[in-house]
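Colleague: I am new to this structure and should be grateful for a close look at one part of it, the interface between the two chains. Please also set that part in the context of the elements around it.

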2 protein chains.
Amino acid sequence: MKVIIDCFGPDLGPGVMIEGASLYAAEKDFYPIFIGNEDQIKEELSKHSFKDYEIIHTDTYIENTEEPTRALRKKKDSSLVMALSLLKEGRADAVLSAGSTGGLLAGGLFLIGRKEGVERACLPVPIPKAKGHVCLLDAGANVDCSVDVIHSFAKMGSDYVRKVYSVNQPKVYLLNIGLEPGKGNKQTKESFDRLSQDPDLNFKGNIEARDVFNTDADVIVCDGFVGNIFLKSMEGFAEFIFSNFKSFLVKDSGAQEKNPLSEKMFQLKNMFDYKNVGAVPLLGIKGLVFKAHGSSNAKAIYSSLKQIDQAVDHKLADEF
Amino acid sequence: MKVIIDCFGPDLGPGVMIEGASLYAAEKDFYPIFIGNEDQIKEELSKHSFKDYEIIHTDTYIENTEEPTRALRKKKDSSLVMALSLLKEGRADAVLSAGSTGGLLAGGLFLIGRKEGVERACLPVPIPKAKGHVCLLDAGANVDCSVDVIHSFAKMGSDYVRKVYSVNQPKVYLLNIGLEPGKGNKQTKESFDRLSQDPDLNFKGNIEARDVFNTDADVIVCDGFVGNIFLKSMEGFAEFIFSNFKSFLVKDSGAQEKNPLSEKMFQLKNMFDYKNVGAVPLLGIKGLVFKAHGSSNAKAIYSSLKQIDQAVDHKLADEF
């Protein structure tokens, strides 16, 4: 497996991409193509032992604050544009990036190309629930979505869950502010009607944000603005709760082993830790592009490469 | 103080309204006017000792699932319409209801009347944060808001926080999916520009959902759809986390006294307990109408009456 690794993007710097790759290379043969500042990459590489690799130098990258389409046009030598162009040329099996989500989505569409019937690419974010995960899309990339776009999220989400998690008839819900049909804003009312009319979807109706953690849903669809508010409320609240206990546990060292309450707390904290999720694939484009969290550490990058390996093995690029 | 108490609405039945009123009456003289089923109210009243009260009988009420405007027109003899009409006639100082939020908002506007310059009434929901609360509006009543409406939320929220919490120049933020100006959807981009241009507002820019719990904001404004998603994500996540510990604590009885970790957990749970909030006033209308949570218990109703008393004392009906 050849993976193009964009070394710009992680909050913790390029080191986490290289350390993550080294952790994975210790387990399984793979060929990383690192894109980024050559000196920095070489310095990081010197800390690990790699058999095979390639470095492609650039000092340019797309920042999170840039308008994606403009940045893609202007920065042809950015790590992201180079990575996606190389994938398009068939130089590798997949791209892994922790960089700009907007840049990756727009780049995926413009440089790799969208699949037939797809209007916008999106990222299926796994939300932990009492048992397993539910796949939320879209979670921030696409705002002001038309009903067509929401409908395509439902179809892509269903396909993804069916193929990756082997769920036969994925249950699809619409994130809304009430359960009854007719609740919500203009967008959700119209989306409800559209989703209800698609016989190929196993559409189960509206779901409220408070019920997500105990739902039987496999897929939840919504406008990306709404999905992002949901996701970040959850992240913020989790951080708030766990930080309260962190300061407490630091004082009481070793408590996590002895105290069953702290054990439970650690278990929950783990459940909501993005590092255990790894990366998510861009849905709707003709290639395997994986987005890792900006705050990824080496362990998260290692998990991402494991997922990519499975996706390459199962030829998932043809599937979603 | 005379308060019209709508006995239809609480999930736990009319008993909580009457028990809450009795708790408050034990502390301070007040005259409740109970609206609801007379037999039920009398039965509940027999469990407590009230000096002065009045009962107005009706068996009709507006359900949460009903379209508010239609319900108000059709159900002239509903507890909500009767309560608001009596307030309009000057028969009491305030109305307290745990019933349909939509019905209360629409009824407030149509039956009590909106203040000058106000387009839609709204509820300022207090969100707990590391220190104190931040006031979120709107939290679900008004969806598909125009920029004018978002702007009026900012003005009403500022006035409310200034007068009730004595904050001099309340810091106002816009709930969005990025911090920089230009982030978000069409609605938030336009609202950002509008709020920035109002010299009377202390507008501090965008805030992301994950930062709400540690913010210096006094007021956060957003479309009601978005506010409701935020609020219910928080509620759902809190319930999920605390329920995990509840089952644990039941087995380990008495642990809350001995274990500092459980003490911390109880303290946090308390922080996110709506029962400690009481009720919130409807902003933008010419009268004091308070909305209590549907799941209120007697303690929540008692707190609500305490708040109403303060509002009446301070003549807040003229102020917001």
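Modeller: The account below begins with the contact between the chains and then turns to the sheets and loops of each chain.

The model is a predicted one, and the description should be read in that light. The contact draws 48 residues from chain B and 49 residues from chain A. Together the two chains bury about 4,500 Å², and 76% of that area lies on carbon and sulfur atoms. On the side of chain B, three residues stand out: B:Phe225, B:Phe237 and B:Leu261 supply 17% of the area that this chain buries against chain A, more than any other three residues.

Charged and polar pairs also cross the interface. Between chain B and chain A there are 4 salt bridges, while a search of the whole structure, over all chains, finds 22. One of those across the interface joins the side chains of A:Glu208 and B:Lys232, with a distance of 2.3 Å from N to O. Another salt bridge is formed by B:Glu208 and A:Lys232, whose closest N and O atoms are 2.3 Å apart. This second pair runs from strand β8 of chain B, which holds B:Glu208, to helix α8 (residues 224–251) of chain A, which holds A:Lys232. In addition, 10 residue pairs are in polar contact across the interface, with both residues of each pair at pLDDT 80 or more.

Which elements of chain B give two or more residues to the side that touches chain A? They are strand β7 (171–176) and the helices α7 (186–196), α8 (224–251) and α10 (260–271) of chain B. Helix α8(B) makes the largest contribution to this side, with 19 residues. Sorted by class, the side of chain B that touches chain A consists of 25 nonpolar, 14 polar and 9 charged residues.

Two of the strands named above, β7 and β8 of chain B, belong to an open sheet of 5 strands, ordered β5-β6-β9-β7-β8, with mixed pairing. At its edges stand β5 (125–128) and β8 (202–208) of chain B; each has a single partner strand, so one side of each is left without a neighbour in the sheet. From one strand to the next, the twist averages 35°. Strands β6 (residues 133–137) and β9 (residues 219–221) of chain B run parallel and are joined by 3 bridges. One such pairing matches B:Leu136 with B:Ile220 in β9(B). Across β6, β7 and β9 of chain B lies helix α6 (residues 147–164), which runs at about 165° to β9(B).

The stretch that follows β6 deserves attention in both chains. In chain B, the peptide bond from B:Leu137 to B:Asp138 is cis, with omega near 5°, and B:Asp138 lies in the loop between β6 and α6 of that chain. In chain A, a cis peptide bond joins A:Leu137 and A:Asp138, with omega about 5°. A:Asp138 is placed in the loop between β6 (133–137) and α6 (147–164) of chain A. The loop between β6 and α6 of chain A also contains A:Asp144, a residue that has a positive phi of about 50° although it is not a glycine.

Chain A also contains an open sheet of 6 strands, in the order β3-β2-β1-β4-β11-β10, again with mixed pairing. Its edges are formed by β3 (54–57) and β10 (279–281) of chain A, each with a single partner strand, so one side of each is left without a neighbour in the sheet. Neighbouring strands here are turned by 25° against each other on average, direction ignored. The edge strand β3(A) pairs with β2 (residues 31–36) of chain A in the parallel sense over 4 bridges, and within this pairing A:Gly36 has A:His57 as its bridge partner.

To return to the part requested, the interface combines a buried area that is 76% on carbon and sulfur atoms with 4 salt bridges and 10 residue pairs in polar contact.

Technical notes. Residues are numbered from 1 along each chain as its sequence is written. Chains are lettered from A and ligands numbered from 1 in the order in which they are written. This is a predicted model: local features need pLDDT of at least 70, side-chain atom pairs count only at pLDDT 80 or more; totals for chains, interfaces and linings use all residues. Side-chain values use heavy atoms; hydrogens and water are left out. Two strands pair if DSSP finds at least two bridges between them. Axes are lines fitted to C-alpha atoms, for helices over the stretch in contact, and angles run from 0 to 180 degrees between N-to-C directions. Contact means heavy atoms within 4.5 Å. Buried area is the accessible area (1.4 Å probe) that two parts lose on being put together, summed over both. A polar contact is a pair of N or O atoms within 3.5 Å; within protein, one must be able to donate a hydrogen and the other to accept it, and residues adjacent in sequence count only if both atoms are side-chain atoms. Ala, Val, Leu, Ile, Met, Phe, Trp, Tyr, Cys and Pro count as nonpolar, Asp, Glu, Lys and Arg as charged, and the others, Gly among them, as polar.
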